[in-house]
Amino acid sequence: RKESGLELTDRISVSIQGHESIKTTVQNFSKYICAELLADEINILPQLTEGEEVEVNEATIKLFISKKQ
């Protein structure tokens, strides 16, 4: 949030570029992940043009956080 210029009270949406090794886990734990990130929703998409690459369990994924309107 800080790096994106977002406030703690901002409502956010998190998009993840789908990677098969984490897709099922994200789907199964989406409510928990949203609660930890204070996000309204988490979306798994086949491709993202924006975002930051991060490594999760030896897989590189792309994340994009956006403020909800």
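So, the largest pocket: about 290 Å³ of space lies in there. Keep in mind that this is a predicted model, so every value I give you comes out of a computation on predicted coordinates.

Who lines that pocket? The lining counts 16 residues. I16, V26, I33, I61 and L63 are the ones that lie nearest the centre. If you sort the lining by class, you get 12 nonpolar residues, three polar ones and one charged one. And which elements does the lining come from? β1, α1, α2 and β4, which spans 59-67, each put in at least two residues. Of the elements, α1 gives the most to that lining, with four residues.

Okay, on to the core. The largest nonpolar core has 10 residues: L6, I12, V14, I16, I22, V26, C34, A39, I42 and I61. Three elements each supply at least two of those residues, namely β1 at 12-17, α1 at 20-28 and β2 at 39-45. Here β1 gives the most, with three residues. Now hold that next to the pocket for a second. I16, V26 and I61 are in the core list, and I16, V26 and I61 also turn up among the residues nearest the pocket centre.

Let me pick one core residue and stay with it: I12. You'll find I12 in strand β1. Is I12 buried or exposed? With a relative accessibility of 2%, I12 counts as buried, because the cut-off for buried is under 20%. Across from I12, over in β4, stands K67. And if you want a distance to check on your screen, take I12 and E53: they are 41 residues apart along the chain, and 18 Å separate their C-alpha atoms.

That brings me to the strands. β1 and β4 run antiparallel, and five bridges join them. β4 also pairs with strand β3, residues 52-56, again in the antiparallel sense and again over five bridges. Two of the partners, if you want to click on them: V54 has I61 as its bridge partner in β4, and V56 has A59. I61, by the way, is that core residue from a minute ago.

Now the bit I suspect the torsion people will like. The hairpin of β3 and β4 has two residues between the strands. Look at N57 first, in the loop between β3 and β4. N57 takes a positive phi of about 50°, although it is not a glycine. Then go to E58, in the loop between β3 and β4 as well. E58 is not a glycine either, and its phi is positive too, at about 65°. What about accessibility there? N57 comes out at 70% relative accessibility, so it counts as exposed. E58 is at 76%, so it counts as exposed as well.

Next stop, the end of helix α2, residues 30-37, where L37 sits. How does L37 score on accessibility? L37 has 39% relative accessibility, so it counts as partly exposed. In sequence L37 and S13 are 24 residues apart, and in space they are 9.6 Å apart, C-alpha to C-alpha. Then there is L38, which has its place in the loop between α2 and β2. L38 is partly exposed too, because its relative accessibility is 44%. For L38 the distance I have is to G18: 20 residues apart along the chain, with 21 Å between the C-alpha atoms.

Last thing, confidence. How high is the mean pLDDT of the protein chain? The mean is 88, and 96% of the residues reach 70 or more. By element, confidence is lowest in α1, with a mean of 87, and highest in β2, at 94. Put that back onto the pocket: α1, where confidence is lowest, is also the element that gives the most to the lining.

That's my tour, from the pocket to the core, the strands, the hairpin and the α2 end. Over to you.

Conventions
Residues are numbered from 1 along each chain as its sequence is written. This is a predicted model: local features need pLDDT of at least 70, side-chain atom pairs count only at pLDDT 80 or more; totals for chains, interfaces and linings use all residues. Side-chain values use heavy atoms; hydrogens and water are left out. Buried means under 20% relative accessible area, exposed over 50%, partly exposed in between (1.4 Å probe, protein chains only). A nonpolar core is a set of buried Ala, Val, Leu, Ile, Met, Phe, Trp, Tyr and Cys residues joined through side-chain atoms within 4.5 Å. pLDDT is the predictor's confidence in each residue, from 0 to 100. On a 1 Å grid over the protein atoms alone, a cavity is a set of points where a 1.4 Å probe fits but cannot get out, and a pocket is an open set with protein on both sides within 12 Å along at least five of seven lines; lining residues have an atom within 4 Å of a point. Grid points are joined across faces, edges and corners, and a volume is the space filled by probe spheres set on the points. Ala, Val, Leu, Ile, Met, Phe, Trp, Tyr, Cys and Pro count as nonpolar, Asp, Glu, Lys and Arg as charged, and the others, Gly among them, as polar. Two strands pair if DSSP finds at least two bridges between them.
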